[in-house]
Amino acid sequence: MKISSHTVAGMVGRWQEGPGPAHRRLSDRLRLLVLDGRLCLGAALPGERDLAAALGTSRTTVGTAYRTLVEHGYLTTRSRARATVRLPGGPRPERRAGARAQTLDLSLAAPQAPVEILHAAFASALEQLPRHFERHGYDRYGTGELREAVARWYGRRGLPTPPGHIMITNGAQHALALLARTMLSPRDKVVIDHPTYPHAIKTFLDVRARLLPVAVTPSGWDGAQLCAAASTAHLAYLIPDFHNPTGMSMPTGMRRRLGLACPTVVDETMADLVLDGAAQEPFAVHMPTAISIGSVSKSIWGGLRIGWIRAAPSLLERVVQARPATDLGTPVVEQLATAVLLNEDRTRRPEALCRLREQRDALGQALAAHLPHVRAPQPSGGMTLWATFPEPVASRLAAIAPDHGVTIAAGPRFGIGGAFERNVRLPYALPPDRLALAVRRLARAEAALTRGATGTHTPAPLA
Ligand SMILES: Cc1ncc(COP(=O)(O)O)c(C=O)c1O
């Protein structure tokens, strides 16, 4: 696949900023795009002259950056052909023996498993399982038990829901991918929060949709801009609470006023992680046409791989028609166990929320102590905070941080066009002492960066 010079220029964003020679900044940016999957394997990059013109730089800068990437195994070149993206083979020299085990992972926003509660739920699920042996086990809408349990879960939150409006999926990401495939055609426009959840960006780009980013700033969502963007769009995807990555919650007044002209998918994966104040009602209370997606991945455990879509049966029927192209249903035991957990109201466990609150506060305190120049507003829920550095260091910091024993997710992964180079998403999913240690390591990585060090690490997987 050929990639145009303008596309690459958009992806590298503000690469001119930062210390070091221009060719190194450019090759670092391109390498991170390859490692992130934003420049996919086999993609043919534009010629040096074209890219130099699109970037407003010299051909020598682009040529030197390309040569560096070739030397490090990220590009191949053949005479008279475009440079093609590849990945270096063989072992990575930077992974010292034992380093992986000691590295603290600040890239994943995933809760610890509530072991005893899960054991009990699976024991109960196994007792119920024989009931299902009479049937084939392929159920594209999900088991009746879980659809009813999810419907009751909405009902307890103030949104009466018939089980026929629920479809069970293998997590919220699967729900979103199914909706994107069902509802979008190539070149359709999709409104997204900016920043937003990276796998949502990937999902929409995979169906060749065009993204209309609407900024979510420290003061929140801009209702007028959302409405304006939605007036020309085919779909809007919002994370009203708790927003990933900022942890913000859309105010009730805005939910009431926000009548978007296009179908609106709201991702409420983090909605049960209420740390301060009262919980919001589900978004569809205010916008009855909203298509809601949910999951137990953050409120109970990601390994359950259970999520759902709440929508009108006519849309669910279309989704069910599209589903067999990728999967034929969700495992029955996991569904039965999740039904037990939802019926026992285990998604808002006071002790788990109390622990999360302590972790959030510990992370805030560690940042204030070791990275006082970093702005990190305290989120009222969810499990991540959105830190802003004074300089555009995020990608380089993410590349060097594993050398100092910590992995992080750089801001540009949460946006398009190279935005958010001053931001890093920091989850507070680790115990307080681990979080404090991780922040001390991050501060050391930042100091090394200031001294001119560079890193070569692959971005960690995200959740
Ligand atoms: C906003 C958002 N949506 C969806 C997902 C994916 O959830 P699941 O694990 O249920 O697929 C995540 C996971 O981090 C998320 O943060």
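## A four-stranded sheet

Let's start with an open sheet of four strands in this predicted model. The strands run in the order β3-β13-β14-β12, and their pairing is mixed. Which strands stand at the edges? They are β3 (104–106) and β12 (384–388); each has a single partner strand, so one side of each is left without a neighbour in the sheet. On average, and with direction ignored, neighbouring strands here are turned by 30 degrees against each other.

At the β12 edge, the partner is easy to follow in the viewer. β12 pairs with β14 (residues 423–427) in the antiparallel sense, over five bridges. Within this part of the sheet, T388 stands opposite N423 of β14.

## A helix on the sheet

Helix α16 (residues 432–450) packs on this sheet, where it touches β3, β13 (406–410) and β14. The direction of α16 makes about 85 degrees with that of β3.

## Around the ligand

Now for the ligand, which has 14 residues around it. A172, N244, D267, S295 and K298 are the ones that come nearest. By type, the shell divides into five nonpolar, six polar and three charged residues.

Which atoms of the ligand do the polar side-chain atoms of N244, D267 and S295 approach? For N244, an oxygen atom of the ligand lies 2.7 Å from a polar side-chain atom. D267 places a polar side-chain atom 2.5 Å from a ligand nitrogen atom, while S295 has one 2.6 Å from a ligand oxygen atom. On its own, the ligand has 390 Å² of accessible area, and the protein covers 96% of that.

Key
Residues are numbered from 1 along each chain as its sequence is written. This is a predicted model: local features need pLDDT of at least 70, side-chain atom pairs count only at pLDDT 80 or more; totals for chains, interfaces and linings use all residues. Side-chain values use heavy atoms; hydrogens and water are left out. A residue is near a molecule or strand if one of its heavy atoms lies within 4 Å of it. A polar contact is a pair of N or O atoms within 3.5 Å; within protein, one must be able to donate a hydrogen and the other to accept it, and residues adjacent in sequence count only if both atoms are side-chain atoms. Accessible areas come from the Shrake-Rupley method with a 1.4 Å probe; for residues, only the protein chains shown count as cover. Ala, Val, Leu, Ile, Met, Phe, Trp, Tyr, Cys and Pro count as nonpolar, Asp, Glu, Lys and Arg as charged, and the others, Gly among them, as polar. Two strands pair if DSSP finds at least two bridges between them. Helices (H or I, at least four residues) and strands (E, at least two) are DSSP runs, numbered from the N terminus. Axes are lines fitted to C-alpha atoms, for helices over the stretch in contact, and angles run from 0 to 180 degrees between N-to-C directions. Contact means heavy atoms within 4.5 Å.
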